[in-house]
Amino acid sequence: MAQDLLFPGNILSLHRAAVDKLARQGDGDAALLYLVLAAGGNSGALPWGPEKVEGAKNTLIQLGLLPSDAAVLPPVPQKLEDDRPPEYTSQDIAQALQDRKGFRDLVPAVEQLLGKVLSPSDLKILYTLYDFLALPPEVLLTLTGWCVEQAKAKGPGRKPTLPQIRREAYKWQKAGIDTLEAADAHLRRLTRLNQRGTELIQLLFGESRAPVAKEAEYLDQWIQKGFPDDLLLLARDRTIYHLQSFKWSYMNGILNRWQAKGLTTVEAVEAYDRSHRPAYAKPRPAAGPAPGPGQQGVVSREDVDRMFQELQPAGGNPRKEG
């Protein structure tokens with residue numbers, strides 16, 4: 001029986017460096033996902049939920065064994081937003097309210113969450129999500145509740161519109177979030193990312209606020225890759241040192257280059273710099289205390305913090321570019 005698995009052409013080869021990294025990590029889930037991906041498969045071959053797949057994927061990304069944009073989940077049949085839904089008429093909506101109990105029960109529940117009576121155009125949008133995207137009522141209610149919470153965080157009394165809910169629903173459908181379990185797992189992940197993103201805005205800029213959409217794109221990548229706080233601060237310092245301002249894409253490039261070289265700690269970055277710096281090179285900013293006597297050429301964390309403060313306009317917000 002066992003010999004049947006060793007026929008030529010059915011043998012899977014692994015790079016020794018990859019095996020060594022997986023062995024040192026000691027994460028069986030990551031190793032199993034790596035084997036499935038190396039064999040040309042995807043996470044659909046594993047009896048796992050979304051959170052377990054996400055955790056194993058992030059471990060592989062941190063180990064440098066998987067690109068951050070690699071496709072891990074099985075492809076989901078998609079109804080793209082460009083595939084126009086039917087032009088539902090008022091008669092279609094009236095018939096659905098009469099014949100389809102799921103939609104009939106969904107409407108008052110959504111109205112309660114939004115605190116208003118749905119207009120005819122709102123009802124057509126909601127029916128599109130229910131009928132065309134085929135999202136179950138419990139998923140649509142979960143999605144609507146999430147959108148309500150997000151709008152509330154932007155200011156008292158704010159509520160999402162049905163077009164806004166529709167945009168988010170298409171994202172969910174494309175991601176295969178079509179069960180209550182998948183929706184709950186997705187929202188737990190978003191909550192963690194949002195909380196961590198707010199912490200990182202405070203860490204990097206001293207601002208007590210949630211990240212805006214463009215900032216969140218970068219922060220989510222860094223959170224999923226597991227960059228530690230001191231490494232993020234060092235990347236921020238070097239961005240400001242080289243540009244005399246902060247630019248998200250520049251800092252992202254620094255972090256990605258470090259990750260590609262396997263430099264995942266400040267100590268590793270500084271050791272790499274020391275071993276690769278020509279004798280005539282200008283010193284780079286380094287993490288740690290301010291330089292002492294005789295070290296005037298080294299730019300310290302305190303120097304960069306001071307530069308960062310000086311770059312702030314009169315309103316108090318640092319000059320940041322995309």
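# Long-range contacts and burial in a predicted helical chain

Among the contacts in the chain with a separation of 6 or more, 63% join residues that stand 24 or more positions apart, where contact means heavy atoms within 4.5 Å. The model is a predicted one, in which local features need a pLDDT of at least 70 and side-chain atom pairs count only at pLDDT 80 or more, while totals for chains, interfaces and linings use all residues. Residues are numbered from 1 along each chain as its sequence is written, and side-chain values use heavy atoms, with hydrogens and water left out.

The chain holds 14 helices and two strands, both taken as DSSP runs (H or I of at least four residues for a helix, E of at least two for a strand) and numbered from the N terminus. Of the 322 residues in the chain, 36% are buried; buried means under 20% relative accessible area, exposed means over 50%, and partly exposed is what lies in between, with a 1.4 Å probe and protein chains only.

## Pairs brought together across the sequence

The table gives four pairs of residues, each with its separation along the chain and the distance between the two C-alpha atoms.

| Pair | Separation along the chain | C-alpha to C-alpha distance |
|---|---|---|
| Leu114 and Gly145 | 31 residues | 8.6 Å |
| Asn58 and Ile223 | 165 residues | 9.5 Å |
| Glu181 and Pro50 | 131 residues | 9.1 Å |
| Ala235 and Ile254 | 19 residues | 6.3 Å |

One member of each pair can be placed in a helix and described by its burial. Leu114 belongs to helix α5, which covers residues 101–114, and because its relative accessible area is 4%, Leu114 counts as buried. When its neighbours within four places in sequence are left aside, Leu114 touches Thr144, Val148, Lys159, Pro160, Leu162 and Ile165, while Gly145, its partner in the table, has its C-alpha atom 8.6 Å from that of Leu114.

Asn58 sits in helix α3, made of residues 50–62, and its relative accessible area of 14% is why Asn58 counts as buried. Its partner is Ile223, and although their positions lie 165 residues apart along the chain, the C-alpha atoms are separated by 9.5 Å.

Glu181 is placed in helix α9, which runs over residues 180–205. With a relative accessible area of 61%, Glu181 is exposed, and a distance of 9.1 Å in space, C-alpha to C-alpha, separates Glu181 from Pro50.

Ala235 is part of helix α11, and its relative accessibility is 0%, so Ala235 counts as buried. Which residues touch Ala235 once its neighbours within four places in sequence are set aside? They are Met251, Ile254, Leu255 and Trp258, and Ile254 is also the residue paired with Ala235 in the table, with 6.3 Å between the C-alpha atoms.

## Two sides of helix α13

Helix α13, which spans residues 266–276, has Val266, Val269, Glu270 and Asp273 among its residues, and these four are buried. They lie on the same side of α13, because the arc that they cover around the axis is only 95 degrees; the arc is that of the directions from the helix axis to the C-beta atoms. Glu267 and Ser275, on the other side of α13, are exposed. The cover over the buried residues of α13 includes helix α11, residues 229–243, and helix α12, residues 248–260.

## Two loop residues with positive phi

Ala134 is a residue other than glycine with a positive phi, near 60 degrees, and its place is the loop between α6 and α7, the latter being residues 137–153. Is Ala134 buried, partly exposed or exposed? Its relative accessibility is 49%, so Ala134 counts as partly exposed.

Gln244, also a residue other than glycine, has a positive phi near 60 degrees. The loop that holds Gln244 runs between α11 and β1, with β1 made of residues 246–247. Because its relative accessible area is 42%, Gln244 is partly exposed.
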